[in-house]
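Colleague: Before we talk, please put the sequence and the model up, so that we can go through them with the criteria stated as we use them.

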Amino acid sequence: MHGEYKVPGGKLVVVDLDVEGGALRGVRVAGDFFLEPDEAILAIDAALEGAPAHTDTAGLAARIDAALPESTVMLGLTSEGVAVAVRRALAQATEWSDYDWQLIHDAPQSPALHMALDEVVTAEVAAGRRPPTLRVWEWASPAVIIGSFQSLRNEVDGPAAERLGVEVVRRVSGGGAMFVEPGNTITYSLSVPDSLVSGLSFADSYAYLDDWVLGALADMGIKAWYQPLNDIATDAGKIAGAAQKRVAGGQGAVLHHVTMSYDIDADKMLEVLRIGKEKLSDKGTKSAKKRVDPLRRQTGLPREIVIANMIDSFRNRHGLTQGAVTPEELARAEELVRTKFGTAEWTARVP
């Protein structure tokens, strides 16, 4: 069995192993990480040898920590990262390179249609009728997108949204409310087979699926990091938030979408969103305006160039061919707008 895992912000860990009698055998750990002293790699292999195959990530990491020499120094590597690679080997997880990735980057579309396309495209990936897909959104109008389980009246000032022409829609994933405007936001979705994140915890899957965009930002001179559970941050502040939805059926799939602030009208955002003190208290800030630091200020680049650089970065790492929403997918999405995402019943399903 073979498993790979790139430690967030670190290096690639590769594990090869067999399972005999319910235990790990022939464990061999490798990768492009740095490790001292040399014999530490043998200690890691020995710690995993004979471990019950059902041992979870925490248990495997504890075995490694207990076996390492006191003088061990790890760079780009963690005990948890090795343990995750083991679990991915046991789960027979797939890798980014196993797939022919497709890009969808269409003309601006309505907020409700974007919600519907996320559901349709991910269902098609789950069914095996569509390859794993990176979809870059273009917004036709300003919107507030609330999480699947958020209260509409607690999150949005309805009269203010109506007065300012801001549409309110509800997405299928959890997480918090997002304020978006055409030209001020960069949003993308990854619709991936469930096997790509096999062996990862729910939290680890966020970091794993966000890793490519951290590399893309680094290519533009921005040092960014994943901030659990679902934020991407820099020294200047938060720049993005992610959310996920698991889709059953067929091979299963994961929808992972991210909204990044390229620019922001903070005053309008504060008029529309009800951002309470409790939400801000765990962010270490006194003002919602300080929670987000737009990419325009950090890169100095036009939005179109930032998006092009991100797409190029993904293509260079994993391969990417141009695609499009099919007529059948669009028809299904438009029907979902009519019956679900464009209805008051869905938007206010948590009043």
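**Sheets, strands and rings**

Modeller: Three strands, in the order β9-β8-β10, form an open sheet with mixed pairing, where strands are DSSP runs of E of at least two residues, helices are runs of H or I of at least four, and both are numbered from the N terminus. This is a predicted model, in which local features need pLDDT of at least 70 and side-chain atom pairs count only at pLDDT 80 or more, while totals for chains, interfaces and linings use all residues. Residues are numbered from 1 along each chain as its sequence is written, and side-chain values use heavy atoms, with hydrogens and water left out.

Colleague: Which are the edge strands of that sheet?

Modeller: Two strands count as paired if DSSP finds at least two bridges between them, and β8 and β10 pair in the antiparallel sense over 3 bridges. One of the bridges sets valine 144 against phenylalanine 179 in β10. The strands that pair on one side only are β9 (167-170) and β10 (178-180).

Colleague: Glutamine 150 is in the loop between β8 (143-146) and α5 (152-155); which backbone nitrogen does its side chain reach at 3.1 Å?

Modeller: A polar contact is a pair of N or O atoms within 3.5 Å, and within protein one must be able to donate a hydrogen and the other to accept it, with residues adjacent in sequence counting only if both atoms are side-chain atoms. A polar atom of the glutamine 150 side chain lies 2.8 Å from the backbone nitrogen of glycine 147. Glutamine 150 counts as buried because its relative accessibility is 10%, the classes being buried under 20% relative accessible area, exposed over 50% and partly exposed in between, with a 1.4 Å probe and protein chains only. The backbone nitrogen reached at 3.1 Å belongs to alanine 177.

Colleague: How many bridges pair β11 with strand β15 (residues 253-261)?

Modeller: Strand β11 (residues 185-193) has 9 of its 9 residues buried, so the rest of the structure largely encloses it. Strand β7 (residues 133-137) runs antiparallel to β11 and is joined to it by 5 bridges, with threonine 133 opposite serine 191. Towards β15, threonine 187 of β11 stands opposite threonine 259. That antiparallel pairing of β11 and β15 has 9 bridges.

Colleague: What is the angle between the planes of tyrosine 188 and tryptophan 212?

Modeller: The structure holds 11 aromatic pairs, for which the rings of Phe, Tyr and Trp (its six-membered ring) must have centres within 6.5 Å, with planes under 30 degrees apart called stacked, over 60 edge-to-face and the rest tilted. Tyrosine 188 and tryptophan 212 are one edge-to-face pair, 5.2 Å centre to centre, with an angle between the planes of 65°.

Colleague: Why does that pair tie together parts that are apart in sequence?

Modeller: Tyrosine 188 lies in strand β11 and tryptophan 212 in helix α7 (residues 202-219), so the pair ties together parts 24 residues apart in sequence. Tyrosine 188 is buried, with a relative accessible area of 1%, and tryptophan 212 counts as buried at 3%. The two elements tied together are therefore strand β11 and helix α7.

Colleague: How far apart in space are phenylalanine 314 and tryptophan 212, C-alpha to C-alpha?

Modeller: Phenylalanine 314 has its place in helix α11 (residues 303-318) and, at 0% relative accessibility, counts as buried. One aromatic cluster includes Tyr188, Trp212 and Phe314. Phenylalanine 314 and tryptophan 212 are 102 residues apart in sequence, and their C-alpha distance is 6.5 Å.

Colleague: Which arginine lies over the face of tyrosine 208?

Modeller: A charge sits over a ring if NZ of Lys or CZ of Arg is within 6 Å of the ring centre and within 35 degrees of the ring normal. Lysine 340 has its charged end over the ring of tryptophan 346, 4.6 Å from the centre. Over tyrosine 208, at 4.8 Å from the ring centre, lies arginine 88.

Colleague: How many residues of α3 are buried?

Modeller: Helix α3 (residues 79-90) has 12 residues, which at 1.5 Å a residue should span 16 Å, and its end C-alpha atoms are 17 Å apart, which agrees; the expected span is 1.5 Å times one less than the number of residues. Among the buried residues of α3 are Val82, Val86 and Arg88. The helix is mostly covered, and the number of its 12 residues that are buried is 10.
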